[in-house]
Amino acid sequence: MAIMSISEAREHLPAAMETAQTEAVIVQRHGRPAGVLVSPERYEQLMSALEDAEDIAAFDAAMEEEGSNIPWEQVKKDLGWE
């Protein structure tokens, strides 16, 4: 992971973008993280992983809900699949 200040990133944007193709670049303002540069491929991987985690959390929450189960045959009938 590379770290650079906003002024460094501004002055050397092509180099920062090139570095971001292989590793995350943390951009700092006053010594504190202000943003992160990543490649589009890595961004898509991160977003996909986040969506998967959200889906798992939603499934787990739904499974914890109380109530009676609906038999599969009834679901198919309700949806007009039979």
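1. Let's start with the charges: I count two salt bridges in this structure. Keep in mind that we're looking at a predicted model. Both bridges involve the residues Glu73, Lys76 and Glu82, which are linked in a salt-bridge network.

2. Take glutamate 73 and its partner lysine 76: their closest N and O atoms sit 3.3 Å apart. These two are three residues apart in helix H4, so about one helical turn separates them. As for cover, glutamate 73 is partly exposed, because its relative accessible area is 45%.

3. Lysine 76 also meets the side chain of glutamate 82 in a salt bridge, here with an N to O distance of 3.8 Å. The cut-off for a salt bridge is within 4 Å, worth remembering when you look at that 3.8 Å contact. Glutamate 82 has a relative accessibility of 58%, so it counts as exposed. As background, side chains of opposite charge can pair when their charged atoms come close.

4. Which residues form the negative surface patch? They are Glu41, Glu44, Glu51, Asp52, Glu54 and Asp55. One of them, glutamate 51, lies in helix H3, which covers residues 40-64. Glutamate 51 counts as partly exposed because its relative accessibility is 47%; the exposed class needs over 50%.

5. There's a nonpolar patch on the surface too, about 400 Å² of it, made by Trp72, Leu79 and Trp81. Tryptophan 81 belongs to the segment after helix H4 (72-78). With 56% relative accessibility, tryptophan 81 counts as exposed. If you're browsing the model, have a look at this patch alongside helix H4, whose residues 72-78 come before the segment with tryptophan 81.

6. On to the strands. E1 (residues 2-5) and E2 (residues 25-29) run parallel and are joined by four bridges. To find the pairing by eye, go to alanine 2, whose bridge partner in E2 is valine 25.

7. How many bridges pair E2 with E3, and in which sense do these strands run? There are five, and the pairing is antiparallel, with E3 spanning residues 32-37. Arginine 29 has arginine 32 as its bridge partner in E3. So E2 takes part in both pairings, parallel with E1 and antiparallel with E3, by the rule that two strands pair if DSSP finds at least two bridges between them.

8. Last, the turn. The hairpin of E2 and E3 has two residues between its strands, and histidine 30 there takes a positive phi near 55°. That's a spot to check if you're going through the backbone of the hairpin.

Conventions:
Residues numbered from 1 in each chain as written. Predicted model: local features only at pLDDT ≥ 70, side-chain atom pairs only at ≥ 80, totals over all residues. Heavy atoms only, no water. Patch = residues over 30% accessible without salt bridge, like charges linked within 9 Å, V, L, I, M, F, W, Y side chains within 5 Å. Areas by Shrake-Rupley, 256 points an atom, 1.4 Å probe, with all protein chains shown as cover. Buried < 20%, exposed > 50% of the residue type's maximum accessible area, 1.4 Å probe, protein only. Lys, Arg positive; Asp, Glu negative; His and termini not counted. Charge placed at Lys NZ, Arg CZ, Asp CG, Glu CD.
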